[in-house]
Amino acid sequence: MLVAALALIAVETDNTSLIMVSDQEGVLRTAHYGERISDPSEFLAADLFSDPYSESHTRSYPSVGGTFINQPALHVKYADGTHNTELVYKGHSVTSSDGATVTSIDLLDSVTSLEVRLVFTAYEKENVILEHAEIRNGGKKEIQLLDYASSSMTIEAGKYLLTHFYGGWATEMNIDREILTHDTKVIESRRGTQATQCNNPSFLLSLDTDSFSENDGEVVAGALAWSGNFRLSFEIDESGRLRVLGGINPFASSYPLASGATFVTPDMIWTRSPEGAGGASRNLHRWARKYGVYAGGTVNPTLLNSWEGAYFTFTTETLLRMIDDAADMGLEMFVLDDGWFGNKFPRNGDDAGLGDWDVNVSKIPEGIDYVASYAHSKGLKFGIWIEPEMVNPKSELALAHPDWVVQSPGREIPTARNQWVLDLSNPAVQDFVFGIFDKTMSLAPSIDYIKWDCNRTVASFGSKYLKKNQDRFYVDYCEGIYNVMRRIREKYPSVIVQCCSSGGGRVDYGALRWFNEIWTSDDTDAFQRAYIQYATNLIYPACVMGSHVSAVPNHQSGNVTPLKFRFDMACSGRLGMELQPKTLTPEERAVAERCIASYKEYRDLVFRGDVYRLASPYEGDYYSLMYVSEDRSRAVVFDYCLRYQNRAVGSHPLKLRGLDPSRKYRVRELNVDRSSWWGDGGAYSGEFLSSGAFAPSLLTTYSSGVFYLEAL
Ligand code: GLA
């Protein structure tokens, strides 16, 4: 029997279509997410609904109730104890704004008066679609939201190869890969804060293949814009269809919704590319630079950070000499990290002082203004570290406001890194945290950069403020952070704010709406960074990746790598240094100065160019990538040898990508006196350079090259 649909909704970008139809019963179904369909109206007649046994997976926003029995996007418990919600299409509207088309689809359960508005924002040029849900309790009594996903995407293919990310402190964003099988695979975080330290709310799905490809095949990528507990689930039903649910993790979070109230879920970000993982990354990055990252694509300054060079042990004199060295080497900012505050409980280690944001008068009696002004007088910007969401038990703050600490009544409050979490679900704590930022900004007439840290996860959760509403804690905490950041951005639109959470513990597109960059990892070993940066960059653009040159043996891994290798690795993100410059020999200083100077020549490509990954550290002994300007007139290539190669190999051929085949490019290796490529200095066509003829001879462990290409 051919069943005609009642309504058709096409959410379109330049190359993709997401087509939804409402069937005869008014159920909204996803008919297609894939290549752009020139005439979507043909889907009105398509016989999509004739199989009653597999109908559940085509629902665009499935709820518990009716005939639906799989993983729901929405699960509501009503005041009378019932769980049934049956949403019916009511209408939709389309508006446009700032390069995007917004489609809002209204659904209603007429028995309970629950309303759901699905909002799709399609970024045409970037081929990115955002989806979120606005759930309104139109009934008279309070209800409980038990599941409230942002998006439910139906994807049809013969095989689904999932790439996702796992890790831990100083080893974030490792890659896991698996072919999905029937039933449900879940990737989630229940950590509250530092939500992304172990898993990241993002993934890539390579369709109809057993193997991951950088350049070929259809890839769907997704990422959730939320910095709290998240859950992504991938369910293949008996029909072989995949449905991906992305949203806030409902773990311990049945959210109460009063009569008339609306809950707005975070955005789930989708893209699809026929050009493999590389195409999907470039779509996400282009969108992120323009819309998804605070001041995305702006070139942020190179810097010297005091942490690994001084830790907690410094005086004004130490800082001034580091500033001198930073200026001499050509860096553009000095960032004073942890250890500058606390008097009654001085911050001389991680066990005291957190929460007491007054400058430590024995370390810096002259005050922060003095140090900041000195930096400015040397032509450097000045940045400073804070961790305003946290408190040491040994602090004046903990004594003054014990009820601000996350805790469960009658139980011991567990410490981690000797600290407790402040309860950001409490508006008074939000005011305090905003106040700390505000106060820090006033320590000197011009603070250019704040490093915002968050060094532990939530444990034994509970909020004195929320009283009987403990179910709200995890969601309200994250909303609390966003409330604070909204206020900060209203008052301080141009300060650069780094999102650090023991490294990459808060790396997600929810945070990046407010933060300019991330501290990619506390692991500063350039060899380990090849893996961390490669994977981070699959989802997040290079402009956000803080990457620092540190001392050897590396303080985390003990590994020893050449200084040039460390620079070349850091230069593929936002370059910084994090060591005591006094420990460098004159020869090393010269290497540093040269690498910093050349970075300034090409870094706009790192911040704004399109990435093409040429060799994956997961698949061989090299990590190689390049960034190409939008007009394809300039490019920079980074090539890193991670393991010793048999000398008979001779060279490492790379097929450059993204170049104009017919233009000629002058190729120059930077930061060396003798190039590793025979053709250095010459001009070659994009076609030639993409053929494999570009083959630097980088064979020894941790040898590396940076090549700058300019079209003639
Ligand atoms: C965390 C950060 C580091 C540094 C220390 C300071 O571990 O990731 O970069 O700021 O805190 O305590």
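Here is a walk through two sheets and the helices around one of them.

This is a predicted model, in which local features need pLDDT of at least 70, side-chain atom pairs count only at pLDDT 80 or more, and totals for chains, interfaces and linings use all residues. Residues are numbered from 1 along each chain as its sequence is written, and side-chain values use heavy atoms, with hydrogens and water left out.

Let's start with three strands, which form an open sheet in the order β1-β2-β3 with antiparallel pairing. The edges belong to β1 (7–12) and β3 (28–35), each of which pairs on one side only. On average, neighbouring strands here are turned by 15° against each other, direction ignored. (Strands are DSSP runs of E, at least two residues, and helices are runs of H or I, at least four, all numbered from the N terminus; two strands pair if DSSP finds at least two bridges between them.) Strand β2 (residues 16–22) is joined to β3 by seven bridges, and Ile 19 stands opposite His 32 in β3.

Now jump along the chain to an open sheet of six strands, ordered β30-β31-β32-β35-β33-β34 and paired antiparallel. Because β30 (610–615) and β34 (683–685) sit at the edges with a single partner strand each, one side of each is left without a neighbour in the sheet. Neighbouring strands of this sheet are turned by 25° against each other on average, again ignoring direction. Look at β30 and strand β31 (residues 622–628): they run antiparallel and five bridges join them. Across that pair, Arg 613 stands opposite Leu 625 in β31.

What packs on this sheet? Helix α8 (residues 526–539) does, touching β30 and β31, and its direction makes about 135° with that of β30. (Contact means heavy atoms within 4.5 Å; axes are lines fitted to C-alpha atoms, for helices over the stretch in contact, and angles run from 0 to 180 degrees between N-to-C directions.) Helix α10 (residues 586–608) lies across β30, β31, β32 (634–641), β33 (664–670) and β35 (704–711), at about 95° to β32.

Finally, α10 has a helix partner: helix α9 (residues 563–570) packs with α10 at an angle of about 20°, their axes 10 Å apart. The two are therefore roughly parallel to each other, a label for angles under 35 degrees. At their contact, Leu 563, Lys 564 and Phe 567 in α9 meet Glu 588, Val 591, Ala 592, Cys 595 and Ile 596 in α10.

Conventions: Parallel < 35°, antiparallel > 145°, perpendicular 65-115°, else oblique.
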